[in-house]
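Student: I would like a close look at one part of this model. Could you walk me through it slowly?

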Amino acid sequence: MAAVASTGQAIAQPPGPAARPARRGGSFPVWRWAILLAAAAYFLIPLYSALKFAGLKAFPGIFRQSGFISAMGLSLRLALITTILTLLLMVPTVVYVHLRLPQIRRMMEAITILPIVIPPIVLIIGVLKVAPGFLLGTPYLLALLYVILAMPFAYRSLDAGLRAFDLKTMVEAASSLGAGLPATLWRVVLPNIRTAMLSATVLTVALVLGEFTMASLDLYQTFPVWIVNFEQNSGPVSVAASLFALFVTWILLMVIVTAGSWSSRKRGGGEVALFTVVRQDFSQTTGEPE
Amino acid sequence: MTASTTAGSGRHGRSGRHGDGMGAPVTLQDLSRSFGAVRALDGLSLHIAPGELVALLGPSGCGKTTALRIVAGFEAADAGSVTVDGKDLSPVAAAKRDMGMVFQSYSLFPNMTALDNVGFGLRMRRLRAADRQRRSAELLDMVGLSPQARSYPHQLSGGQQQRVALARALAIEPRVLLLDEPLSALDAKVRLQLREQIRALQQRLGTTTLFVTHDQEEALSMADRVGVMKDGRLEQVAAPDELYARPATAFVAEFVGIMNRLPGSLLGQDQVRALDTVVPVHGDVPAGLAGDVDVLVRPEGLQIAAAPGGNGIVTDRTFLGSVTRISVRLSGDVTVKVDYPSAAAASLTPGESVQVSLPAAAVLVTGRR
């Protein structure tokens with residue numbers, strides 16, 4: 001990218017030590033398209049190859065395979081449970097940190113990144129040690145693990161959402177008007193971080209629907225695990241199932257994003273994007289590009 | 001100073017609905033508050049009469065916002081009390097204090113329309129939806145924003161947002177209205193309009209109001225009385241004209257309006273010599289002051305006349321409408337500003353020699369800087 005910028009600069013501006021590319025918007029779309037196409041090729045060629053290998057005829061077969069319904073069902077249930085648990089844990093935490101302990105925000109960022117750093121097997125053993133007994137031996141134990149895995153993404157989404165509006169003043173305004181804490185949270189705080197909550201939901205759902213390592217280590221037949229196991233029986237159907245999973249996840253995310261953006265745009269809120277929350281009224285990006 | 005003499009001077013024509021909207025008396029007693037090593041408030045006492053608008057004026061960090069936040073219930077005082085209508089508010093949570101507040105930053109709830117914002121406090125008071133709608137609409141009408149009832153905050157200008165915030169604060173018929181620099185984020189023209197609107201509404205409703213600002217013009221033009229704060233204490237509380245004409249301390253004198261400093265020397269405890277004139281000292285001479293002092297005089301308190309071989313030379317002139325402010329350099333590199341009727345100021349041009357003199361009126365003195 002640096003090379004690209006300096007080439008453009010050399011053409012557009014007289015050489016000079018302090019010369020910086022002033023604005024690159026639209027000045028060399030060719031490069032943009034080239035990069036976009038290269039990225040698209042990188043992602044789309046494997047998909048196309050997979051589709052070609054599986055053949056369209058393999059798709060109806062997926063639904064007749066034994067274990068498909070139960071694996072898909074389990075993954076969707078886990079996605080639901082994980083999302084609910086994540087929001088229940090993270091929303092109050094992030095709100096509390098923003099309101100009362102803003103000085104520990106940096107520390108929170110460090111803590112919440114840990115699940116990405118710690119190896120899955122360590123997390124599994126840790127969770128097994130502290131998980132309540134009734135969950136042991138059930139696939140729902142995975143939800144606990146997924147809550148941990150989703151924490152970095154959920155925290156960042158919610159943090160960005162809360163930074164985009166003046167939480168302290170809003171809470172004080174509500175309080176001066178006679179609202180107690182529950183009413184303030186319900187009527188003022190939550191509606192204004194809906195966009196961020198949707199982002200967190202999207203990321204959590206995507207994560208749960210695609211997670212393989214932990215489920216396979218714990219020997220539970222979630223959808224990704226089922227696909228891999230199934231591969232040993234029938235290659236084409238297994239590949240078709242992978243594509244189908246991708247499609248289902250994509251559709252699910254688009255539904256969440258579209259619905260969220262639509263309802264939030266009505267009130268001038270932000271656009272729901274996977275990794276950023278953009279507040280249009282301040283024309284300021286507060287998201288954390290991952 | 002004169003505690004309640006100026007209180008509620010203009011509460012005519014209160015609207016019927018707010019018939020008993022007479023504000024409550026508010027007393028701040030010996031309020032102290034420290035943040036770490038910083039004493040934000042250091043024994044602040046202030047009485048606000050029912051329906052009175054008192055402005056707390058001071059430089060940033062003087063504790064005025066802390067005082068307001070303690071009254072609102074967002075901060076707790078280390079010592080001292082806030083009483084409204086004779087009732088101590090210390091144990092009362094902010095949500096139960098019945099105080100409307102307008103904040104410096106835009107504080108409208110972004111997820112609600114202007115109308116719903118105004119109705120929020122009424123909803124918290126469990127007013128029926130129909131009544132709530134009607135009263136919110138009335139309040140919006142009062143601030144001239146009926147056409148914007150269905151707009152969301154992001155669709156409103158800064159001035160409109162603060163007007164909705166004012167309507168929202170007044171909708172609950174608060175016993176006390178708290179204004180925390182509500183105009184400082186707005187541009188000059190809007191600020192002026194809103195200043196007048198706030199004052200008119202406050203007088204009409206008779207709501208006891210505490211107004212915090214660092215803008216002296218705002219304080220002087222809106223308030224019944226102005227309290228000038230410094231280092232967590234009140235330097236002086238007085239009606240705007242009195243504050244300007246008879247500042248109690250050098251700090252107040254220099255903070256409010258424009259003040260000249262002239263070198264002078266004390267003659268005993270009640271007279272001072274400056275510009276070769278001996279004049280009486282206003283008030284008490286600050287403790288420990290003797291000999292060389294500075295004399296404080298307003299631009300309109302000095303006399304000036306063109307005079308060859310006078311004691312000063314005109315360096316600059318600024319046309320201010322009816323008067324022209326003339327900068328004069330005196331001997332000893334002292335520059336003073338003198339206001340002179342514009343109609344007669346034609347001859348006082350830069351480079352001209354002039355005689356600046358002190359009329360025989362009492363002046364404030366302070367330590368030589």
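Student: Which helices do the buried residues of H9(A) pack against?

Tutor: Happy to help! This is a predicted model, where local features need pLDDT of at least 70, side-chain atom pairs count only at pLDDT 80 or more, and totals for chains, interfaces and linings use all residues. Residues are numbered from 1 along each chain as its sequence is written, while chains are lettered from A and ligands numbered from 1 in the order in which they are written.

The buried residues of H9(A) pack against helix H4 (68–100) and helix H8 (167–176) of chain A; contact here is counted when two C-beta atoms, placed from the backbone, lie within 7 Å. Helices are DSSP runs of H or I with at least four residues, numbered from the N terminus.

Now to the helix itself. H9 of chain A covers residues 181–192, twelve residues in total. From its first C-alpha to its last it reaches 15 Å, close to the 16 Å expected at 1.5 Å a residue, the expected span being 1.5 Å times one less than the number of residues.

Thr184(A), Val188(A), Val189(A) and Asn192(A) are the buried residues in H9(A). Buried means that 20 or more other C-beta atoms lie within 10 Å of a residue's own, and exposed means 12 or fewer, with partly exposed in between and C-beta atoms placed from the backbone. Looking down the axis of H9(A), the buried residues fall within an arc of 85 degrees, so they line one face of the helix; the arc is that of the directions from the helix axis to the C-beta atoms. On the face of H9(A) turned away from its buried side, you will find the exposed residues Pro182(A) and Trp186(A).

Chain B offers another kind of element. Strands are DSSP runs of E with at least two residues, and two strands pair if DSSP finds at least two bridges between them. Strand S14 (residues 292–297) of chain B and S20(B) pair in the antiparallel sense over four bridges. Val295(B) stands opposite Val365(B) in S20(B).
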